[in-house]
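Please open the model in your viewer and keep the selection panel at hand. The tour below goes from one selection to the next.

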Amino acid sequence: MSYSPPRDRLWFLRRRAYLVFVLRELTSLFVAWSAVYLILLLDAFADGALPAFWDWAGTPWVLALNVVALAAVTFHAVTFLNLAPKATVIRLDGWRVPDFMIVGGNFSAWLAVSALILWVLW
Amino acid sequence: MILRVSRYRPGVDAEPVFQDYEVPDRDDWAILDALNHIKDTVDGTLSFRWSCRMGICGSCGMTVNGEPKLTCGTFLTDFTGPVTVEPLRGFAVIRDLVVDIDPFLANLSKVTPWLVREGEEPASEFAQTPEQLEAYKQYSMCINCMLCYSACPVYVLNPDFLGPAAIALAQRYNLDSRDMGDRFDVLSSEEGVWGCTFVGECTSACPKHVDPAEAIQRYKLTAALRSVLPFSRRRS
C-alpha cells in the first residue's frame with residue numbers, strides 16, 4: 001500500500017523556473033501570430049493591396065497586439081538562443097567550444113540578419 | 001532548529017501529515033544527520049533511505065524546503081527557519097520519506113544501460129583515448145539519485161516519460177566508443193526524448209553535474225538527423 005499524491009494543477013506556480021518555462025512556451029503563440037502577420041503582409045504586397053493592409057494594421061487592436069507580440073517574440077528568441085548550447089556541443093580538435101561563444105554566435109547572427117533586413121528595406 | 005518531517009504510515013494515515021522535531025542546530029550536521037538523530041534518539045519509527053553519507057550512493061534524495069536535494073549534502077546551516085523534509089516528488093510514497101523507485105528502475109532498464117557488443121569476444125581490453133573517454137564521462141557520473149525526476153514536471157505529470165537520468169545514461173553508452181548498441185527506438189519516441197519540453201530543472205537539480213537536459217537535447221538532434229537521413233547510423 002502506497003500513497004500517490006493527486007495531480008497538482010498549479011505545478012507551474014510552484015517554482016520560478018517552471019513559470020519562466022511556461023511563459024516561454026506560451027509566447028510560441030505570438031511567434032505563430034507574427035508568422036501569420038508576415039504572410040498577410042506578403043499577400044497584400046503581392047495583390048497590390050498594401051494601403052488597405054496598412055489601414056488594418058494601424059487599427060488600435062492590431063497595434064496593441066503587435067506591441068505585445070514584439071515583446072513576447074523577443075522574450076522567446078532570447079530564451080531560445082540562450083538554451084542553444086544545450087543542443088549544440090561543438091568540439092574543435094578535442095576542445096569543446098564554451099557555451100558563451102555559442103550563445104554569442106547566435107546573437108551576433110541574429111543582429112547581422114536584422115541589420116541586413118533593415119539595410120535592404122531602407 | 002525545527003525539522004518539519006512528512007510522515008506517512010500506511011494503514012494509519014490516509015495521506016501524509018507533518019510532524020515537527022527539534023534537533024540540535026549543529027554547524028557540521030547535514031539534514032541526513034538530523035534525521036538520523038531523530039531516528040536514534042527521538043522517534044525510531046521514522047523511515048528514510050540512506051547509505052554512504054557522501055553523495056555517492058544516491059539513496060538519500062528528498063524534498064528539502066520544496067527542492068529535490070541529497071540530504072547528506074544539504075546542511076542545517078543552509079537554512080535559518082524550520083526545515084521541511086518531504087519525500088521526492090513524482091513517486092508514490094511507501095512510508096514516511098521512502099518512495100517507490102520501481103518505475104524509475106523499469107525506465108532505466110529500457111535503455112539497456114550497459115555496453116552492448118556484437119561479434120567475437122575481444123582478446124584484450126579496449127583501449128580508449130582521453131578524447132573518447134571525455135565524450136561520455138560526464139554522463140557516467142550519474143548516481144541514480146532520481147533528483148532529476150523529482151525536478152522534472154513532465155515526469156511528475158506523465159510517469160510514462162522515460163525521464164532525464166535514463167536518457168542521460170543511454171547517451172553515456174551511445175557516446176562510448178566500445179558500445180555497439182542501438183537505442184534509437186526507445187529514445188526517439190513520444191515517451192523518450194520527444195517527451196521532454198526542455199524545462200531544464202533536471203540539470204539544476206543534479207548534484208553530480210551530469211546535465212541530463214543537454215543529453216536529451218543532443219539526442220533530439222541525433223534522432224532528427226537519423227529520421228531525415230535513413231542511411232546515417234547511430235554515431236552520426
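In what order do the five strands of the open sheet in chain B lie? Select the strands of chain B (DSSP runs of E, at least two residues, numbered from the N terminus), and you will find the order β2-β1-β5-β3-β4 with mixed pairing, where two strands pair if DSSP finds at least two bridges between them. The edge strands, each pairing on one side only, are β2 (17-22) and β4 (67-70) of chain B.

This is a predicted model, in which local features need pLDDT of at least 70 and side-chain atom pairs count only at pLDDT 80 or more, while totals for chains, interfaces and linings use all residues. Residues are numbered from 1 along each chain as its sequence is written, and chains are lettered from A and ligands numbered from 1 in the order in which they are written.

Within the sheet, select residues 61-64 and 83-86 of chain B, which are β3 and β5, and see that they pair in the antiparallel sense over two bridges; B:T63 has B:E86 of β5(B) as its bridge partner.

Turn next to the contact between the chains, to which chain A gives 14 residues and chain B gives 24 residues, two residues being in contact if their C-beta atoms, placed from the backbone, lie within 7 Å. On the side of chain A that touches chain B, α1 (16-26) and α4 (60-87) of chain A are the elements that give two or more residues; helices are DSSP runs of H or I with at least four residues.

Finally, display α4(A) with A:L81 and A:P85 among its residues that touch α5(A), whose own contacting residues include A:I102 and A:W110.
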